[in-house]
Structures are given as structure tokens and as C-alpha cells.
Amino acid sequence: YSTRNRPDEPPSEAQAPDAHLVEQALRDLLAASGRPPDDVATLVFDAIRTERFYVTTSDATPGMLRERFDAVVAGELPPMSRWDLHL
């Protein structure tokens, strides 16, 4: 964890309006369609108990990751994933 290039305080909305817009859009998206924290906690604890390294919170994620991985291995440009459709 390095603070060498990090400001002491996060930028204000005036200094980085896009960052605040994106942050709010993600908060709204997760509030509308994200998994409840208790569900995610159950997934994480189950992964720890079964020694599973990757934990996904959507049934669609493994397929999207496989599609990207296969493109990378083939030396192709990976497709853009629509994460917002799979929360």
C-alpha cells in the first residue's frame, strides 16, 4: 500500500466531476440490482471453507470470464463485457 502518489484527501466533485458521477452510477446500479451483502458474505465464507480462490457473485460471471480468457489465449481482442447486465 503506497501513499507516495496519492493525495491526502480524495479530489472534490469540482476537481473530478466524472469520478463522482461514475461512483454514484455504480452505487445506484448496485442498490437496484446488486446482491445483498449477507448473500455475498455467505459466498465468501463458503469459498474460504472450500479453499476456492475466485468468488463470483453472479452466475453469468464464469461464462464472461471464459469468453475473455479464450480470446486472450487466442491472441484476440477480448470482447467488452456487459457487467451491468449480470449483477
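A residue counts as buried when its relative accessible area is under 20%, as exposed when that area is over 50%, and as partly exposed in between. Arg-52 has 38% relative accessibility, so this residue falls into the partly exposed class. The same vocabulary helps in reading the rest of the structure shown above, which is a predicted model.

The overall picture comes first. The protein chain contains three helices and zero strands, and from the N terminus on its elements follow the order α-α-α. Of its 87 residues, 8% count as buried. The chain exposes about 7700 Å² of surface, and carbon and sulfur atoms supply 58% of that area. Among contacts that join residues at least 6 apart in sequence, 17% link residues at least 24 apart.

How confident is the prediction? The mean pLDDT of the protein chain is 84, with 90% of the residues reaching 70 or more. Confidence is highest in α2, at a mean of 95, and lowest in α1, at 84. As a reminder for any reader of such models, predicted coordinates should not be read in detail where pLDDT is low.

Charged side chains offer a good place to look next. Side chains of opposite charge can pair when their charged atoms come close. The structure holds three salt bridges. In helix α1, which spans residues 17-33, Arg-27 and Glu-23 lie four residues apart, about one turn of the helix. Their side chains meet in a salt bridge with an N to O distance of 2.7 Å. Glu-23 has a relative accessible area of 37%, so this residue is partly exposed.

Helix α3 contains another of these pairs. Asp-70 and Arg-66 are separated by about one helical turn, because they are four residues apart in this helix. The closest N and O atoms of their salt bridge are 3.1 Å apart. Asp-70 is partly exposed, with a relative accessible area of 38%, and Arg-66, at 48%, is partly exposed as well.

Arg-52, introduced at the start, also takes part in a salt bridge. Its partner is Asp-46, and the closest N and O atoms of the two residues are 3.7 Å apart. A salt bridge requires a side-chain nitrogen of Lys or Arg within 4 Å of a carboxyl oxygen of Asp or Glu, so a distance of 3.7 Å between Asp-46 and Arg-52 fits the cut-off. Asp-46 is partly exposed, at 33% relative accessibility.

The surface also has a nonpolar side. Which residues form the nonpolar patch on the surface? They are Val-44, Phe-45, Ile-48 and Val-55, and together they have about 350 Å² of accessible area. Val-44 sits in helix α2, which covers residues 37-49. With a relative accessible area of 34%, Val-44 is partly exposed. Patches are made of residues with over 30% relative accessible area, so Val-44, at 34%, meets that requirement.

Finally, the loop between α2 and α3 deserves a visit. Ser-58 is found in this loop, ahead of the helix at residues 61-73. Is Ser-58 buried or exposed? Its relative accessible area is 11%, which is under the 20% limit, so Ser-58 is buried. The side chain of Ser-58 reaches the backbone nitrogen of Ala-60 at a distance of 3.1 Å.

Terms used. Residues are numbered from 1 along each chain as its sequence is written. This is a predicted model: local features need pLDDT of at least 70, side-chain atom pairs count only at pLDDT 80 or more; totals for chains, interfaces and linings use all residues. Side-chain values use heavy atoms; hydrogens and water are left out. Helices (H or I, at least four residues) and strands (E, at least two) are DSSP runs, numbered from the N terminus. Buried means under 20% relative accessible area, exposed over 50%, partly exposed in between (1.4 Å probe, protein chains only). Contact means heavy atoms within 4.5 Å. Accessible areas come from the Shrake-Rupley method with a 1.4 Å probe; for residues, only the protein chains shown count as cover. Patches are made of residues with over 30% relative accessible area and no salt bridge: like charges are joined within 9 Å, nonpolar side chains (Val, Leu, Ile, Met, Phe, Trp, Tyr) within 5 Å. A polar contact is a pair of N or O atoms within 3.5 Å; within protein, one must be able to donate a hydrogen and the other to accept it, and residues adjacent in sequence count only if both atoms are side-chain atoms. pLDDT is the predictor's confidence in each residue, from 0 to 100.
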